[in-house]
Amino acid sequence: MRAAFWVAAAVVFYSYLGYVVWLWICSRMNPWPLRRGAHLPFVSVVMVVRDEETTLPRKIRNLSALDYPADRIEFVVASDGSKDATNEILADAARADSRWRVLGDAELKGKASRLNEALGAARGEVVLFVDARQEIERNALRLLMENFAEDTVGCASGELMLGDQATGETEKGMGVYWRIEKRIRELESASGSVVGATGALYAARRALLIPLPPETILDDVFLPMHVARHARVVFDERARAWDSPDLGAQREFGRKVRTLTGNYQLLQIAPWLMSVENPLRFRFISHKLMRLVSPFALAVMLVTSALVAQPFYRAAFLLQLFFYALSLIALTRVQRGPVARLANAALTFIVLNTAAVVAFANFLTGRKEVWVR
């Protein structure tokens, strides 16, 4: 029982802190500086949408206003079986601006298949991947392209900010998770390559991209990991996209389950990720897979500490109960102060690990979602 407790504790510690410490040491002992510079390649902005009539007008204005030479950019949008006014809105955009090209039809093929169609139509040297909901800062594209001034860079990821440009990033809930995640990406980039990219804002050299398996859930991991076999994948915190920190508990939970289910799926559709063919194999396991194991390690810690009749383990058991109970405060109206921040962090931790358990069930049953808006 004691051995099981400490093995489980080591798994949880490494998943959430140990890997970060290891990256920090690597970034100090073996830094990999990035030489950015002015660079203006022809860019194809690619986006796949489905039933986005409420967000598309704002997104079209947002993309059209990016600070980038008009003759060096095009917009390729694929609509996947949209039933609302999405197609009409896109058609209007294409009529008003010849840089906009619209693909797709009434058939529901899934995001990955539509991305393949859009990539096949793209003409840019670099492809910028974006989603419909997030707002991209005006200078983000120009900043992101500066990374490609270095020939060794094949993919560059921007930063997702949770909050509002006017008021800044939130400290509540998933904001805590994202700050930790972004710190990991910063350290990965500073010491080599990042495992995956920010789906709302990332770019890659078109020559290094391959078609996605049609069932792919996480294109923003599959494609960067493939690029990493040939070039460097970096993270640029200067290039930012903004998203709402609170899309509703059910919707946010569904998005997280989708992401974690996608991590399981990657092992099926890209088995080379666990082989020597993957130069980021250790980082992939540490960053993506260890978190899938964490909820089971947490369960082992709770059970073993309850069963070992010694003061230390009894105290560990009570501390775990206290931490889990603390999350209940986040469900109340208390929104400020150190206790509320700690409670929000506890709730986020529980939600993430619960999502990992659901993702495991999805993996066992073969259930997956190709669209979670």
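The following exchange concerns the cores, strands and salt bridges of a predicted model.

Biologist: Which conventions apply to this model?
Modeller: Residues are numbered from 1 along each chain as its sequence is written, and side-chain values use heavy atoms, with hydrogens and water left out. The model is predicted: local features need pLDDT of at least 70, side-chain atom pairs count only at pLDDT 80 or more, and totals for chains, interfaces and linings use all residues.

Biologist: How many residues has the largest nonpolar core?
Modeller: A nonpolar core is a set of buried Ala, Val, Leu, Ile, Met, Phe, Trp, Tyr and Cys residues joined through side-chain atoms within 4.5 Å. Buried means under 20% relative accessible area, exposed over 50%, and partly exposed in between (1.4 Å probe, protein chains only). In the largest core, F129, L209, M225 and L266 have the most contacts inside it, and the core has 46 residues.

Biologist: With which residues is L209 in contact, leaving aside its neighbours within four places in sequence?
Modeller: Contact is taken as heavy atoms within 4.5 Å. On that basis, and with neighbours within four places in sequence left aside, the partners of L209 are L119, V127, F129, A204, L223 and V227.

Biologist: How many residues are in the second, separate core?
Modeller: L56, L66, V126 and L128 are included in this second core. The separate core consists of 37 residues.

Biologist: Which residues of strand β4 are buried on each of its two faces?
Modeller: Helices (H or I, at least four residues) and strands (E, at least two) are DSSP runs, numbered from the N terminus. Strand β4 covers residues 126-130, and five of its five residues are buried. In a regular strand the side chains alternate between the two faces of the sheet. Here one side has V126, L128 and V130, and the other has V127 and F129.

Biologist: Which residue is the bridge partner of V126 in β8?
Modeller: Two strands pair if DSSP finds at least two bridges between them. Strand β1 (residues 43-49) pairs with β4 in the parallel sense over four bridges, with V46 opposite F129. Strand β8 (residues 201-205) runs antiparallel to β4, joined by five bridges. Within β8, the partner of V126 is R205.

Biologist: What parts of the chain does the salt bridge of D236 with R36 tie together?
Modeller: A salt bridge is a side-chain nitrogen of Lys or Arg within 4 Å of a carboxyl oxygen of Asp or Glu, and the count by this rule is 22. For D236 and R36, the closest N and O atoms are 3.5 Å apart. D236 counts as buried at 0% relative accessibility, whereas R36 is partly exposed at 36%. The two residues are 200 apart in sequence, so the pair ties strand β9 (residues 232-243) to the loop between α1 and β1.

Biologist: Is R123, the salt-bridge partner of E74, buried or exposed?
Modeller: The closest N and O atoms of E74 and R123 are 2.8 Å apart. E74 lies in strand β2 (residues 73-80) and R123 in the loop between α4 (111-121) and β4, 49 residues apart. E74 is buried, because its relative accessibility is 1%. At 53% relative accessibility, R123 counts as exposed.

Biologist: How many residues apart are E137 and R240?
Modeller: Their side chains meet in a salt bridge at 3.0 Å, N to O. E137 lies in the loop between β5 (135-136) and α5 (140-145), and R240 in strand β9. E137 is buried at 12% relative accessible area, while R240 is partly exposed at 27%. The separation in sequence is 103 residues.
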